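Here is a walk through one protein model. Please keep the sequence and the coordinates in view while reading.

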Amino acid sequence: MSETIDKLRTDHRNLARLMDIIAREVRVFEAGDLPDYDLVASILDYTQNYPDRYHHPLEDRVLAKLRQRDPDIATTVGDLDQEHEKLGTLTRRFAAALDNVMQDAELPRDGFVEVASEYLDFQRRHMQMEEVLFFPAALRALSDDDWRELATDAPPADDPLFGGTDAQGKYDALLEEIMKWSKPQDTASFA
Ligand SMILES: [Fe+2]
Ligand SMILES: [Fe+2]
């Protein structure tokens with residue numbers, strides 16, 4: 001078993017909880033009520049500070065190693081690295097739409113829901129594919145030495161939200177919400 005894959009799977013469980021919170025707030029918005037915009041903004045901020053900076057680059061490294069060890073299998077997981085770039089683009093687009101909607105109540109509601117849904121769908125599909133195809137393929141193809149090399153080249157990064165390293169309390173409100181609403185069974189699909 002690889003500690004790198006364990007870490008990536010833990011990140012996915014955490015991200016799945018955050019996606020559930022976003023989905024809930026988008027439903028509130030769709031129903032014509034006032035969602036907790038700050039909460040959604042905080043989640044998007046976090047995804048740009050931790051997953052985009054550490055989780056996806058680490059997966060890119062694992063993919064590069066998989067391409068060396070088993071190029072045929074590597075093709076079956078598709079262009080993961082390009083998906084990470086697209087995910088970054090969708091996140092920035094969603095964050096911009098959120099900014100607009102927070103500042104201008106006249107923004108078409110459908111447009112915001114569409115941008116949010118595309119982000120959520122892509123994020124969830126991407127993680128699902130990694131869980132089902134990418135991680136098992138990497139676990140089969142990479143050697144213990146490969147995993148050791150990856151762990152040395154990309155040492156574990158501090159997770160400011162789930163790792164308890166948020167010294168400035170930037171994510172306090174978000175963490176409180178996670179504790180309040182996210183039950184373990186919400187993330188059963190990645191268990
Ligand atoms: Fe990924
Ligand atoms: Fe991932």
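**Two irons and the helices around them**

The iron ion (ligand 1) and the iron ion (ligand 2) sit 3.0 Å apart, and Glu-59 coordinates both. This is a predicted model, and its metal sites are a good place to begin.

Take the iron ion (ligand 1). Its donors are Glu-59 (OE), His-84 (NE2), His-126 (NE2) and Glu-130 (OE), at 1.9 to 2.1 Å. Along the chain these donor residues follow the spacing E-x24-H-x41-H-x3-E. The 4 donor atoms around this iron ion (ligand 1) subtend angles of 81 to 175°, so the arrangement is irregular. For comparison, ideal angles at a metal are 109.5 degrees for four tetrahedral donors. Water is not among the atoms, so sites may look incomplete.

Now the iron ion (ligand 2). His-12 (NE2), His-55 (NE2), Glu-59 (OE) and Glu-130 (OE) coordinate this ion at 1.9 to 2.2 Å. The sequence spacing of its donor residues is H-x42-H-x3-E-x70-E. The 4 donor atoms around the iron ion (ligand 2) subtend angles of 80 to 167°, which makes this arrangement irregular. Glu-59 belongs to helix 3 (residues 51-69) and Glu-130 to helix 6, so the pair ties together parts that are 71 residues apart in sequence. Are these two glutamates, Glu-59 and Glu-130, buried or exposed? Both Glu-59 and Glu-130 are buried.

Helix 3 deserves its own look. At 1.5 Å a residue, its 19 residues should span 27 Å; the end C-alpha atoms are 25 Å apart, which agrees. Its buried residues are Pro-51, His-55, His-56, Leu-58, Glu-59, Val-62, Leu-63, Lys-65 and Leu-66. Two of the names in that list, His-55 and Glu-59, are donors to the iron ion (ligand 2). What covers the buried residues of helix 3? The cover includes helix 1, helix 2, helix 4 (71-76), helix 5, helix 6 and helix 7 (144-153).

Follow Val-62 to helix 7, where Trp-147 is placed. Trp-147 counts as buried, because its relative accessibility is 10%, and the cut-off for buried is under 20%. The C-alpha atoms of Trp-147 and Val-62 are separated by 8.6 Å, although the two residues are 85 residues apart along the chain. Beyond its neighbours within four places in sequence, Trp-147 is in contact with Ser-2, Thr-4, Ile-5, Val-62, Ala-138, Leu-139 and Leu-142.

Next comes the nonpolar interior. The largest nonpolar core has 33 residues. Those with the most contacts inside this core are Leu-18, Met-19, Ile-22, Phe-94, Tyr-119 and Leu-174. Helix 1, helix 2, helix 5 (80-103), helix 6 (109-141) and helix 8 each supply at least two residues of this core. A second, separate core has 17 residues, including Leu-8, Met-129, Phe-135 and Ala-137.

Tyr-119 is a useful entry point to the largest core. Tyr-119 lies in helix 6. At 0% relative accessibility, this tyrosine counts as buried. Setting aside neighbours within four places in sequence, Tyr-119 is in contact with Met-19, Ile-22, Leu-44, Thr-47, Leu-90, Thr-91 and Phe-94. Met-19, in turn, is in contact with Tyr-119, Leu-120, Gln-123, Arg-124 and Met-127, again leaving aside neighbours within four places in sequence.

Which residues does Thr-91 touch? Not counting residues up to four places away in sequence, Thr-91 touches Leu-44, Thr-47, Gln-48 and Tyr-119. Thr-91 is found in helix 5. This threonine is buried, with a relative accessible area of 2%.

Finish at helix 8 (residues 172-181). Its buried residues are Leu-174, Glu-177 and Ile-178. Seen down the axis of helix 8, these buried residues fall within an arc of 100°, so they line one face of the helix. The general pattern is simple: an α-helix has 3.6 residues a turn, so residues three or four places apart point the same way. On the other side of helix 8, Ala-173, Glu-176, Met-179 and Lys-180 are exposed. The buried residues of helix 8 pack against helix 1 (3-30) and helix 2 (37-49). Leu-174 also appears among the residues with the most contacts inside the largest nonpolar core.

Notes:
Residues are numbered from 1 along each chain as its sequence is written. Chains are lettered from A and ligands numbered from 1 in the order in which they are written. This is a predicted model: local features need pLDDT of at least 70, side-chain atom pairs count only at pLDDT 80 or more; totals for chains, interfaces and linings use all residues. Side-chain values use heavy atoms; hydrogens and water are left out. Buried means under 20% relative accessible area, exposed over 50%, partly exposed in between (1.4 Å probe, protein chains only). Helices (H or I, at least four residues) and strands (E, at least two) are DSSP runs, numbered from the N terminus. The arc is that of the directions from the helix axis to the C-beta atoms. Contact means heavy atoms within 4.5 Å. A nonpolar core is a set of buried Ala, Val, Leu, Ile, Met, Phe, Trp, Tyr and Cys residues joined through side-chain atoms within 4.5 Å. Donors are N, O and S atoms within 2.8 Å of the metal (3.2 Å for Na, K and Ca); water is not among the atoms, so sites may look incomplete. Four donors count as tetrahedral if all angles lie between 85 and 135 degrees; four count as square planar and six as octahedral if opposite donors are over 155 degrees apart and all others between 65 and 115; anything else is irregular. The expected span of a helix is 1.5 Å times one less than its number of residues.
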